[in-house]
Amino acid sequence: MFVTQNQFYVFLACIAFGAIGGTLFSLFRLLSLAVIIKVIKVVFDALFFIIFAFGMVIYSFYLNLPSIRAYMIIGNFLGLFLYIKSFHIILAKALKMAYNNIKRKRSKTKDDRDKV
């Protein structure tokens, strides 16, 4: 791919990859919530970013993108940031509502009255 041609589309592809990486980040955060020791949480975060960087290299080879450039790295982190600030909040609220509904249904007795 010619380096100066289609850089905007490469940037958009990197933003999309960052948003997809945000979903993986949410899964890694679920794993780290189960752990009490802070050192292991840091290890999970470092492991995520290593996998994220390796995935970006594979993604760039698969799409035949030019060599890694600064705007590509910025695009990845921008996509990750946009995911965390937008869709992650919506997803967290939906999961909280689902959890509360399941908890409420399980707390009912056999005669459909709520426990006191």
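Biologist: Let's start with N76: in which helix does N76 lie?
Modeller: A friendly word first: this is a predicted model. Within the model, the residue N76 belongs to helix α3.

Biologist: Is N76 buried or exposed?
Modeller: The relative accessible area of N76 is 5%. Buried means under 20%. N76 therefore counts as buried.

Biologist: Which residues does N76 touch, not counting residues up to four places away in sequence?
Modeller: Setting aside residues up to four places away in sequence, we can list what N76 touches. The names are C14, F17, G18, F52 and M56.

Biologist: Thanks! How many helices and strands are there in the chain, and what pattern does the chain follow?
Modeller: The chain has 4 helices and 0 strands. Reading along the sequence, you get the pattern α-α-α-α.

Biologist: How much of the chain counts as buried?
Modeller: The chain has 116 residues. Buried means under 20% relative accessible area. The share of residues that count as buried is 22%.

Biologist: And which atoms supply 72% of the area that the chain exposes?
Modeller: The chain exposes about 9,000 Å². The atoms that supply 72% of that area are carbon and sulfur.

Biologist: Among contacts between residues at least 6 apart in sequence, how many join residues at least 24 apart?
Modeller: Here we look at contacts in the chain between residues at least 6 apart in sequence. The share of them that join residues at least 24 apart is 67%.

Biologist: Which side chains meet in a salt bridge?
Modeller: Side chains of opposite charge can pair when their charged atoms come close. A search of the whole structure finds 1 salt bridge. With 3.3 Å from N to O, its partners are R29 and D45.

Biologist: Which parts does that pair tie together, and how far apart in sequence are they?
Modeller: R29 is part of helix α1, residues 7–33. D45 is part of helix α2, residues 38–62. The pair therefore ties together parts whose separation in sequence is 16 residues.

Biologist: How do R29 and D45 count in terms of relative accessibility?
Modeller: The category between buried and exposed runs from 20% to 50%. R29 has 36% relative accessibility, and D45 has 22%. Each of these two residues therefore counts as partly exposed.

Biologist: Now the aromatic rings: how are the planes of F25 and F48 arranged?
Modeller: A search of the whole structure finds 11 aromatic pairs. In the pair F25 and F48, the ring centres are 5.0 Å apart and the planes are at 55 degrees. Planes under 30 degrees apart count as stacked and those over 60 as edge-to-face. The pair is therefore tilted.

Biologist: Which helices hold F25 and F48, and are these residues buried or exposed?
Modeller: F25 lies in helix α1 and F48 in helix α2, so the pair ties together parts 23 residues apart in sequence. As for their surroundings, both F25 and F48 are buried.

Biologist: What about the aromatic pair of F49 and F77: which helices does the pair link?
Modeller: The rings of F49 and F77 form a tilted pair, 6.3 Å centre to centre with 40 degrees between the planes. F49 counts as partly exposed at 32% relative accessibility, and F77 is partly exposed with a relative accessible area of 42%. The pair links distant parts of the chain, 28 residues apart: helix α2 and helix α3.

Biologist: Which residues form one aromatic cluster?
Modeller: The four rings just discussed, F25, F48, F49 and F77, are among its members. The full cluster is F17, F25, F28, F48, F49, F52, Y59 and F77.

Biologist: Which element gives the most to the lining of the largest pocket?
Modeller: The largest pocket holds about 290 Å³ of space. Its lining includes R29, Y83 and H88. The elements giving two or more residues to the lining are α1 and α4 (87–106). With 6 residues, the element that gives the most is α1.

Biologist: Finally, where is N64 found, the residue with a positive phi although it is not a glycine?
Modeller: N64 has a phi of about 60 degrees. Its relative accessible area is 52%, so N64 is exposed. Its place in the chain is the loop between α2 and α3.

Key. Residues numbered from 1 in each chain as written. Predicted model: local features only at pLDDT ≥ 70, side-chain atom pairs only at ≥ 80, totals over all residues. Heavy atoms only, no water. Salt bridge = Lys/Arg side-chain N within 4 Å of Asp/Glu carboxyl O. Buried < 20%, exposed > 50% of the residue type's maximum accessible area, 1.4 Å probe, protein only. Contact = heavy atoms within 4.5 Å. Areas by Shrake-Rupley, 256 points an atom, 1.4 Å probe, with all protein chains shown as cover. Phe/Tyr/Trp six-rings, centres within 6.5 Å; stacked < 30°, edge-to-face > 60°. 1 Å grid on protein atoms, 1.4 Å probe; cavity = no way out; pocket = protein on both sides within 12 Å on 5 of 7 lines; lining within 4 Å. Points joined across faces, edges and corners; volume = space filled by probe spheres on them.
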